[in-house]
Amino acid sequence: MILTCCMTLALTACHQDNDDYMTLATIQLDGGSDVTIERVQAMAHLTNLNTKHVVSTADFTGAQVQIELLRGAYQVSIEGVLSYTDQTGNKRIRSFRAVSDYVELVGTGTSKATINIIYLD
Amino acid sequence: MALLCALIPAEAATTDTAYVERHSLWRQTYSEALQNPALMTHAYLKPFTELSLQCDYRHQSEAFQIEQGTGYLKPELAAQSYIRLTPSSVVWGQASYGNGMQYHQVYNNVADFDLLYPDVIADSLGGDTHRERYYFAGGYAVEKGNWQLGGELKFRAEQDYRTYDPRMRSIVSDLTLKAGAARQIGIYHLGLALEGNIYRQTADIDFYGEQNGMGELQMTGLGTNYTRFSGSNRDIFYEGKGGAITFDLQPLTTSGWMLHLSHALHQYERLLDEYNSLPLTTLYRQQNRLTVGWRKQSDTNEKALILHADYDKRASDEHVAGTSSGQEYPILTQLTMYRQHRWDVGATALYGYRVWHLQLRAGYLSHREQYAYVERKMNYSRVYGEFTAQWLKAVNESLRLNIYAKGGYAANINSKIVMPYANMAASIKAYINHNYRYQKASYAQAQSGIRADYQPATWSVGLYGQLATAWQFCSEGEHEANLHVSLGIMF
């Protein structure tokens, strides 16, 4: 009887629904310390690892892109062209790719991840 | 004692109290109060033991709910007993063994679909499943002064399996403990009961045919699935626990107001065997019931008016798994992706005059399901009404007859579906549309049955036989047929 009572009382506390579904994710491209990225024209594909749902965007501001996502673990793939200024002040435009197999974007409100780029030329 | 008193006038009405008290429609007005084991102390005036062999058959011309299949054949051997130990204490018990078949279940490869929906493992093949079920229950109640105390234990063991691909096998153990107390306060009995439940199910699906190795879907509601762990992960188990609290107010006299309030919470966690017991989902189920009624008995007639409101909520949390380290997956967060809300409110009016009982029941049912992202919704609501007539009489010294008939109609009043059809697989689209077709339908039902009990005065054992049939006709042009047959002895 005591066991029954304890179980019942322990479970009387209601389950709180977890309704914070979305996070505003910021993906920052990292070209290294000797490079300042100015503009990016690229398509970013974010694949939710659990649902396999894919979200795409090309809305870059400087070296970062922001997108509203379901909170979770993602695979990120970005490919396109960027312009940067190097240490000597030279401006260049180059093709690049940035891929990460696993990024956690689970913050309530906002999340941020930085991904290294690799030049294709 | 309230129950005992309430039933005494029925004796005058039908001349056979022991029979009436167990089979009269009037009896149903007490069924909720008897969920409290303490109130079993005086539940029946006469002790009884009944052994029966029974069989239930259902056939739907097309499955009304695809996961539940098109019907079943369920033979069962059952025994139940209610024995008075002393004038103030009783024991009761029940045991049954069933071994049957469920036909053409699709998108459901677990036992206890009703409990676990939507968190099941499934595929689009499905098939016929065998069901073997053992059930035991026993209780004790005693009266001490103004107090009545009782306890009850129920245990169910079940296995569901299929003998061809996909070979699902689910093994269930389900233990419920209940403790109750009731106290006489003024002209009422005030009862309180607490219940605890422990549940476990292991479920796995095998394919023996070399060509048949298809993926299994870890369903998460309204046609969605946990894609990352669907496919070759076919061994899962459920761990459940839960509790309930019920409160009852019953009048001591044969007439008066009654109240029943119950609140139950259960949770069922689905874990993946192959990934070190990785929790995939947790289903939280909340059931609430409020019943308020008034009843009155006199020497020749019985009247009751009962209002009920039921609210049932399911919320399923998906555990978001991170990246693996060995076979360990950290859980990053939980998201309540699926919700179901179900309301049922209505009224029951019962009138009994000597051997006749007439019951009118009407209500409103609202069912809403939703999946948060990408948004899916399936809603429907119905109004329903049904009329039941029962004729219960001791025809002579040896033979008693119980004949009843029921007719009803549930009319759909609105329905709505929101689905991302453009991004859904054709098989899932067909599955969802099939279920929705029957959810938004209206249903007419007709039911009738007869039970005959035969026990000459010189016999110490009585015989009984029961035959009942029920039909449902769906506005989609399909129908359901039910048949129940039972034979037994009682003493």
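This is a short tour of a two-chain predicted model, one selection at a time.

**Before you click**

The model is predicted, so local features are described only at pLDDT of at least 70 and side-chain atom pairs count only at pLDDT 80 or more, while totals for chains, interfaces and linings use all residues. Residues are numbered from 1 along each chain as its sequence is written, and chains are lettered from A and ligands numbered from 1 in the order in which they are written.

Start by colouring everything by pLDDT, the predictor's confidence in each residue, from 0 to 100. The model scores ipTM 0.87 and pTM 0.91. Chain A averages a pLDDT of 87, with 88% of its residues at 70 or more. For chain B the mean is 92, and 96% of its residues reach 70 or more. Now pick residues 1-15 of chain B: pLDDT stays under 50 there, and the model has 39 contacts beyond four places in sequence for this stretch. A contact here means two residues whose C-beta atoms, placed from the backbone, lie within 7 Å.

**Stop 1: chain A**

Show chain A as a cartoon. You'll find one helix and nine strands, in the order α-β-β-β-β-β-β-β-β-β along the sequence. Both kinds of element are DSSP runs numbered from the N terminus: helices are H or I with at least four residues, strands are E with at least two. Of the 121 residues in chain A, 30% are buried, that is, with 20 or more other C-beta atoms within 10 Å of their own (exposed is 12 or fewer, partly exposed is in between, and C-beta atoms are placed from the backbone). Among contacts in chain A with a separation of 6 or more, 66% join residues 24 or more positions apart.

Next, select the open sheet of five strands, which runs β3-β2-β6-β7-β9 with antiparallel pairing. Two strands pair if DSSP finds at least two bridges between them. Which strands stand at the edges? They are β3 (54-57) and β9 (118-119) of chain A, each with a single partner strand, so one side of each is left without a neighbour in the sheet. Zoom in on β7(A) and β9(A), which pair antiparallel over two bridges; A:Arg97 sits opposite A:Ile118 in β9(A).

Keep the confidence colours on for a moment. Among the elements of chain A, β3(A) has the highest mean pLDDT (94) and α1(A) the lowest (53).

**Stop 2: where the chains meet**

Bring chain B back into view and select the contact between the chains: 23 residues come from chain A and 30 residues from chain B. On the chain A side, α1 (2-12), β6 (72-86) and β7 (91-105) each supply at least two residues. Of these, α1(A) gives the most, with six residues. Keep in mind that α1(A) is also the element of chain A with the lowest mean pLDDT.

**Stop 3: a run of strands in chain B**

Select β3 (89-105) and β5 (127-144) of chain B, which pair antiparallel over 15 bridges. One place to look is B:Gln102, whose bridge partner in β5(B) is B:Thr129. Then add β6 (147-161) of chain B: another antiparallel pairing, with 15 bridges to β5(B). Here B:Tyr134 has B:Ala157 in β6(B) as its bridge partner. β5(B) and β6(B) form a hairpin with two residues between them, and B:Gly145 in the turn has a positive phi of about 60°.

While you're here, click B:His104 in strand β3 of chain B. Its phi is positive, about 50°, although it is not a glycine. B:His104 is partly exposed, with 16 other C-beta atoms within 10 Å.

**Stop 4: backbone oddities in the loops of chain B**

Jump to the loop between β6 and β7 (167-185) of chain B, where B:Pro166 sits. The peptide bond from B:Asp165 to B:Pro166 is cis, with omega near -10°. Another cis bond runs from B:Tyr373 to B:Val374, with omega near -5°; B:Val374 lies in the loop between β16 (356-371) and β17 (376-394).

Then go to B:Arg354, in the loop between β15 (331-353) and β16 of chain B. B:Arg354 is not a glycine but has a positive phi of about 50°.

**Last stop: helix α4 of chain B**

Select residues 426-439 of chain B: this is α4, 14 residues reaching 20 Å from first C-alpha to last, close to the 20 Å expected at 1.5 Å a residue (the expected span is 1.5 Å times one less than the number of residues). Which residues of α4(B) are buried? B:Ile428, B:Ile432 and B:Asn435 are. Look down the axis of α4(B): the buried residues fall within an arc of 65°, so they line one face of the helix. That arc is taken over the directions from the helix axis to the C-beta atoms.
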